[in-house]
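Biologist: Hi! Could you walk me through this one?

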Amino acid sequence: MSTLITGIGRLVTNDPARDRGPLGELTDAAVLIDGEQVAWVGDAHAAPPADEAVDLDGAAVIPGFVDSHSHPVFAGERSEEFAARMAGQRYAAGGIMSTVTATRAASDDRLRATVSRIRAEMLDEGTTTFEAKTGYGLDVATEARLARIAAEFTDEVTFIGAHVVGPEWRDDPDGYVDLVRGDMLAACRPHVRWIDVFCEEGAFNVDQSLAVLEAGRRAGLGLRLHAAQLGPTSIIGDAVALGAASIDHCTFLSDADVDAMAGSQTVATLLPAAEFSTRQPYPSARRLLDAGATVAIATDCNPGSGFSNSMPFVIAIGVRDMHFTVEQAVWAATAGGANALQRTDVGHLGVGARADLTILDAPSYRHLAYRPGVQLVERVYSGGELIVDNRPCD
Ligand SMILES: [Zn+2]
């Protein structure tokens with residue numbers, strides 16, 4: 001079954017070979033979907049025949065968003081903590097524990113229902129690929145359960161047993177790190193592709209964090225890292241040297257940190273919804289981009305430090321407060337996320353890519369930042385299938 005999407009006013013391909021700016025933008029374009037893949041991209045007038053044709057009448061199309069950082073497997077909610085924070089209380093890493101208690105007590109079906117709802121909301125806002133972390137179990141059995149459930153929804157599952165020290169280990173954090181590197185990692189390994197650690201005061205120090213990453217690497221996992229969210233850190237250079245795919249948050253970076261990332265394959269992933277919701281300073285995308293680093297933008301969707309799963313929302317903040325151009329923010333939310341997950345099949349609409357298309361009820365991708373808070377996602381194709389249709393029915 002082939003479908004020709006035609007009448008695209010402005011198409012973002014993210015295909016550098018097209019020599020149309022960083023977004024590889026085409027006007028009056030068409031995309032041929034064959035099965036799950038993009039089979040042809042080009043001028044609408046030159047489009048090949050297809051089993052069916054869908055005319056978008058000038059709408060903009062971008063690759064489905066790639067949300068490379070989220071924590072969707074949890075129970076409970078923390079709106080009270082958010083309200084207290086907005087009323088003046090400081091954010092600290094320890095609030096995670098209330099989510100841990102609720103998550104441990106929740107049934108598999110309860111957790112599935114939450115992930116399912118978050119995934120549906122993500123799709124509705126144009127996200128077709130998302131990463132999902134564990135980290136609210138903090139014991140072997142629950143972490144393995146969260147990894148297994150996350151894997152029912154995405155291939156990009158990350159084990160973050162080292163989110164904070166498990167409550168039973170408060171007096172023996174090094175003992176907890178040994179558990180994470182040992183039995184907990186072994187129990188989660190069958191369900192996950194990545195390992196992550198929260199390197200921050202109140203969570204794990206640099207030595208503990210590196211020990212966790214090294215254990216993950218020995219187990220064949222890709223490496224991710226939460227760092228420099230609440231203060232400066234000395235881990236960045238070592239994490240880059242270990243081959244981390246992505247370092248996430250990146251607010252308090254030294255010049256040496258920026259240079260280390262710029263000279264490497266490690267992606268800097270910025271998470272503006274977390275700064276928004278914790279009233280922390282925003283990192284500068286401009287500084288990283290000017291240095292030559294690859295930058296992604298993601299939601300960090302989680303019940304504590306930022307409960308938004310909207311990529312359009314983070315694009316709007318990124319442009320307004322982190323000094324991305326609109327173009328750079330859209331690239332970071334699509335190709336940048338794919339880079340952060342080391343995926344070549346998503347985040348672009350070149351021939352052979354997965355046919356993940358987000359169709360906007362707008363003439364240009366620029367409206368994503370220009371019209372913040374407005375639902376502009378009209379239709380979403382995932383793997384060639386129309387799975388979201390927000391058009392009003394008559
Ligand atoms: Zn996070």
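Modeller: Happy to. Domain bounds here come from an automatic or database domain assignment. On that basis, the C-alpha centres of domain 1 and domain 2 lie 29 Å apart. This is a predicted model: local features need pLDDT of at least 70, side-chain atom pairs count only at pLDDT 80 or more, and totals for chains, interfaces and linings use all residues. Numbering starts from 1 along each chain as its sequence is written.

Biologist: Which residues make up each domain?

Modeller: Domain 1 takes 2-63 + 348-389, and domain 2 takes 65-340.

Biologist: And how many residues does the contact take from each?

Modeller: There are 21 from domain 1 and 18 from domain 2, with contact meaning C-beta atoms, placed from the backbone, within 7 Å.

Biologist: Cool, new topic. What about helix H11?

Modeller: Helices are DSSP runs of H or I with at least four residues, strands are E runs of at least two, and both are numbered from the N terminus. Eight of the 11 residues of H11 (311-321) are buried, so the helix is largely enclosed by the rest of the structure. Buried means 20 or more other C-beta atoms within 10 Å of a residue's own, exposed means 12 or fewer, and partly exposed is in between, with C-beta atoms placed from the backbone.

Biologist: What comes just after H11?

Modeller: Histidine 323, with a positive phi of about 65 degrees.

Biologist: Last one: is glutamate 168 buried or exposed?

Modeller: Glutamate 168 is exposed, because 12 other C-beta atoms lie within 10 Å. It sits in the loop between strand E8 (156-162) and helix H5 (173-188).

Notes:
Two residues are in contact if their C-beta atoms, placed from the backbone, lie within 7 Å.
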